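Subject: A structure for you to explore

Hi there,

Here is the structure I promised to pass on to you. Have a look at it first, and then read on with the picture open beside this email.

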Amino acid sequence: MTRLTRRTILFGSAAGVAAMSVTAIVLAPGMTGFLRRVVAQHFGPETVKIDGVEDFITDYAEQAGSGDWKKQVASRLYFSLHGDEIYRISAADELENRFLNTFLTRSNIIAIYQETATEFEYTDVDPWEPSCGLYLSSLAEAGS
């Protein structure tokens with residue numbers, strides 16, 4: 001029988017934490033899960049179930065994740081382990097604000113809530129790209 005030493009216990013614990021982290025990065029939803037939670041918190045859980053909203057969330061997460069691979073891995077781990085619910089960093093707040101602004105201006109979610117549209121539609125999800133024909137014009141149509 002082998003004897004457990006401090007070194008063995010520490011090595012085993014470190015290996016377990018590393019395995020959990022890798023599993024969280026590979027299997028967990030990461031940023032898309034965070035964005036789903038944001039939509040559910042601000043617009044209600046039924047909004048996530050509207051056809052097309054999941055596509056918008058996925059497209060936004062893919063374009064937001066393009067760039068530095070180290071940032072992608074770190075954000076995936078942070079959001080997969082629900083780090084935003086444990087300790088909210090300012091980058092998560094900025095991402096949430098930018099996402100909500102993009103969701104409101106690049107989709108027709110307002111028209112859906114005003115019941116002037118039945119299908120969810122959206123334009124380019126990149127918040128840094130200019131977009132013509134924003135859907136916020138549905139507010140003006142409903143008020144007149």
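Below is what was found in it, going from the whole fold to single residues.

**The overall picture**

Please keep in mind that this is a predicted model. The protein has nine helices and zero strands, so the pattern along the sequence reads α-α-α-α-α-α-α-α-α. Of its 144 residues, 32% are buried. The protein exposes about 9500 Å², and carbon and sulfur atoms supply 59% of that area. If you take the contacts with a separation of 6 or more, 67% of them are between residues 24 or more positions apart.

**Three helices to look at**

Start with α2, residues 31–43. Its 13 residues should span 18 Å at 1.5 Å a residue, and its end C-alpha atoms are 18 Å apart, which agrees. The buried residues in α2 are Met31, Thr32, Gly33, Phe34, Leu35, Arg37, Val38, Val39 and Phe43. They pack against α3, α4, α5, α6, α7 and α8. Thr32 is a nice one to click on: it counts as buried because its relative accessibility is 15%, under the 20% cut-off. Apart from neighbours within four places in sequence, Thr32 is in contact with Ile57, Thr58 and Ala61. After α2 comes Gly44, which has a positive phi, near 100°.

Next is α7, residues 90–105. Here 16 residues should span 22 Å at 1.5 Å a residue, and the end C-alpha atoms are 23 Å apart, which agrees. Which residues of α7 are buried? They are Ala92, Leu95, Glu96, Phe99, Leu100, Thr102, Phe103 and Thr105. A general point may help you read that list: an α-helix has 3.6 residues a turn, so residues three or four places apart point the same way. The cover over the buried residues of α7 includes α2, α3, α4, α5 and α8.

Then there is α5, residues 69–80. This helix has twelve residues and reaches 16 Å from its first C-alpha to its last, close to the 16 Å expected at 1.5 Å a residue. Tyr78, Phe79 and Ser80 are buried in α5. Just after this helix, His82 takes a positive phi of about 55°.

**Rings that pair up**

The count of aromatic pairs comes to ten. One of them is Phe56 with Phe120: the ring centres are 6.3 Å apart and the planes are at 90°, so this pair is edge-to-face. Phe56 lies in helix α4 (residues 53–64) and Phe120 in the loop between α8 and α9, so the pair ties together parts that are 64 residues apart in sequence. Are these two residues buried or exposed? Both Phe56 and Phe120 are buried. Ring pairs also join Phe43, Phe56, Tyr60, Phe99, Phe103, Tyr113, Phe120 and Tyr122 into a cluster. You have already met some of these names: Phe43 is among the buried residues of α2, while Phe99 and Phe103 are among those of α7.

**A salt bridge**

How many salt bridges does the structure hold? There is one, and it is formed by Arg36 and Glu54, whose closest N and O atoms are 2.8 Å apart. This pair links distant parts of the chain, with Arg36 in helix α2 and Glu54 in helix α4, 18 residues apart. Arg36 counts as partly exposed because its relative accessibility is 27%. Glu54 is partly exposed too, with a relative accessibility of 27%.

**Out at the surface**

Ile86, Tyr87 and Ile89 make a nonpolar surface patch of about 360 Å². Ile86 lies in helix α6, residues 83–86, and it counts as exposed because its relative accessibility is 71%, over the 50% cut-off.

Finally, find Trp128 in the loop between α8 and α9. Why does Trp128 count as exposed? The reason is its relative accessibility of 64%, which is over 50%. Its C-alpha atom and that of Arg98 are separated by 9.9 Å, while the two residues are 30 residues apart along the chain.

Enjoy looking around, and write back with any questions!

Best wishes

How values were computed. Residues numbered from 1 in each chain as written. Predicted model: local features only at pLDDT ≥ 70, side-chain atom pairs only at ≥ 80, totals over all residues. Heavy atoms only, no water. Phe/Tyr/Trp six-rings, centres within 6.5 Å; stacked < 30°, edge-to-face > 60°. Helix = DSSP H or I, 4+ residues; strand = E, 2+ residues; numbered from the N terminus. Buried < 20%, exposed > 50% of the residue type's maximum accessible area, 1.4 Å probe, protein only. Patch = residues over 30% accessible without salt bridge, like charges linked within 9 Å, V, L, I, M, F, W, Y side chains within 5 Å. Areas by Shrake-Rupley, 256 points an atom, 1.4 Å probe, with all protein chains shown as cover. Salt bridge = Lys/Arg side-chain N within 4 Å of Asp/Glu carboxyl O. Contact = heavy atoms within 4.5 Å. Expected span 1.5 Å × (residues − 1).
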